[in-house]
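Q: I have a new structure open and would like to learn how to read it. Could we go through it step by step?

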Amino acid sequence: MSNRNRADLLAGVTVAARRQHAAYALFNQAMADRLGLHPTDLQCISLLGLEPEPLTTGEIARLTGLTSGSATRLVDRLERAGLVERKPDPQDRRRSRISLTARRAPEADAAWDEPGRAFAGVLDDFTDEELAVIERYLHRATQVGSAQAEQLRKG
């Protein structure tokens, strides 16, 4: 057990989280540069890959924090790059559903190989109980981050 008190531990977690956020932002920029994409485009692709069903442009706007017009332009860029496709929404033919293309650019998939292994390797020496705590923290931090981003956008 650590000899550090709770205040020191909380300060350490806060500093480590801020450094991790900065490091990931720099990684995201470098990966986007490697693929010739804007960082927001790269994040959209990543988020689409996590969704079980295709999304509307409005849903993409909410996920990315973009306006509907900016989300439409983002989808247009990704469609031109062959990374996403639009299909009519079966419930409402005026809308379309956006999904990753079945044939994503091979260089995009290959670019994730080494970083993916490196990020997965970070978790190798954690116990199952520690992984559960990390997962719980990440879920909570994601919820707070999303809520705080929404507050900042509202002014």
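A: Happily! This is a predicted model, and a good place to begin is the list of elements: the protein has seven helices and two strands.

Q: In what order do the elements run from the N terminus on?

A: The order is α-α-α-α-β-β-α-α-α. For the overall dimensions, picture a box of roughly 60 × 40 × 30 Å along the principal axes, filled by the C-alpha atoms.

Q: What share of the residues in the protein is buried?

A: A residue counts as buried when its relative accessible area is under 20%. Here, buried residues make up 23% of the 155 residues. We can also look at contacts between residues at least 6 apart in sequence: 41% of them join residues at least 24 apart.

Q: Let's take one helix. How many residues does α2 have, and how far does it reach?

A: Helix α2 covers residues 39–50, which is twelve residues. From first C-alpha to last it reaches 17 Å, close to the 16 Å expected at 1.5 Å a residue.

Q: How do I read which way the residues of a helix point?

A: The general idea is that an α-helix has 3.6 residues a turn, so residues three or four places apart point the same way. Now for the case here: in α2, the buried residues are P39, D41, L42, C44, I45 and L48.

Q: What do the buried residues of α2 pack against?

A: Their partners are three helices and two strands, namely α1 (6–35), α3 (57–64), α4 (68–80), β1 (84–88) and β2 (96–100).

Q: How are α1 and α2 placed, and which residues make the contact?

A: Angles from 65 to 115 degrees count as roughly perpendicular. The angle between α1 and α2 is about 95°, with the axes 8 Å apart, and these two helices are therefore roughly perpendicular to each other. On the α1 side, the contact is made by Y24, N28, Q29, M31, A32 and L35, and on the α2 side by P39, L42 and Q43. By type, the residues of this contact are six nonpolar, three polar and no charged.

Q: At what angle do α2 and α4 cross?

A: They cross at roughly 80°, and their axes come within 10 Å. By the cut-off above, α2 and α4 are therefore roughly perpendicular to each other too. T40, D41, C44 and I45 of α2 meet L74, R77 and L78 of α4. This time the residues divide into four nonpolar, one polar and two charged.

Q: And how do α3 and α4 pack?

A: Their angle is about 105°, and their axes are 9 Å apart. That makes α3 roughly perpendicular to α4. T57, I60 and A61 of α3 make the contact with S68, A71, T72, L74 and V75 of α4. Here we find five nonpolar residues, three polar and no charged.

Q: Now the strands. How many bridges join β1 to β2, and which way do they run?

A: Five bridges join them, and the two strands run antiparallel. As an example to find on screen, K87 has R97 in β2 as its bridge partner. Strand β2 is mostly covered, with four of its five residues buried.

Q: Let's end with K154. Where does it lie, and is it buried or exposed?

A: K154 lies in helix α7 (residues 128–154). Exposed means over 50% relative accessible area, and K154, at 62%, is exposed. You can also compare K154 with L37: they are 117 residues apart in sequence and 27 Å apart in space, C-alpha to C-alpha.

Key: Residues numbered from 1 in each chain as written. Predicted model: local features only at pLDDT ≥ 70, side-chain atom pairs only at ≥ 80, totals over all residues. Heavy atoms only, no water. Expected span 1.5 Å × (residues − 1). Buried < 20%, exposed > 50% of the residue type's maximum accessible area, 1.4 Å probe, protein only. Contact = heavy atoms within 4.5 Å. Axes fitted to C-alpha atoms, helices over the stretch in contact; angles between N-to-C directions. Parallel < 35°, antiparallel > 145°, perpendicular 65-115°, else oblique. Nonpolar A, V, L, I, M, F, W, Y, C, P; charged D, E, K, R; others polar. Pairing = 2+ DSSP bridges.
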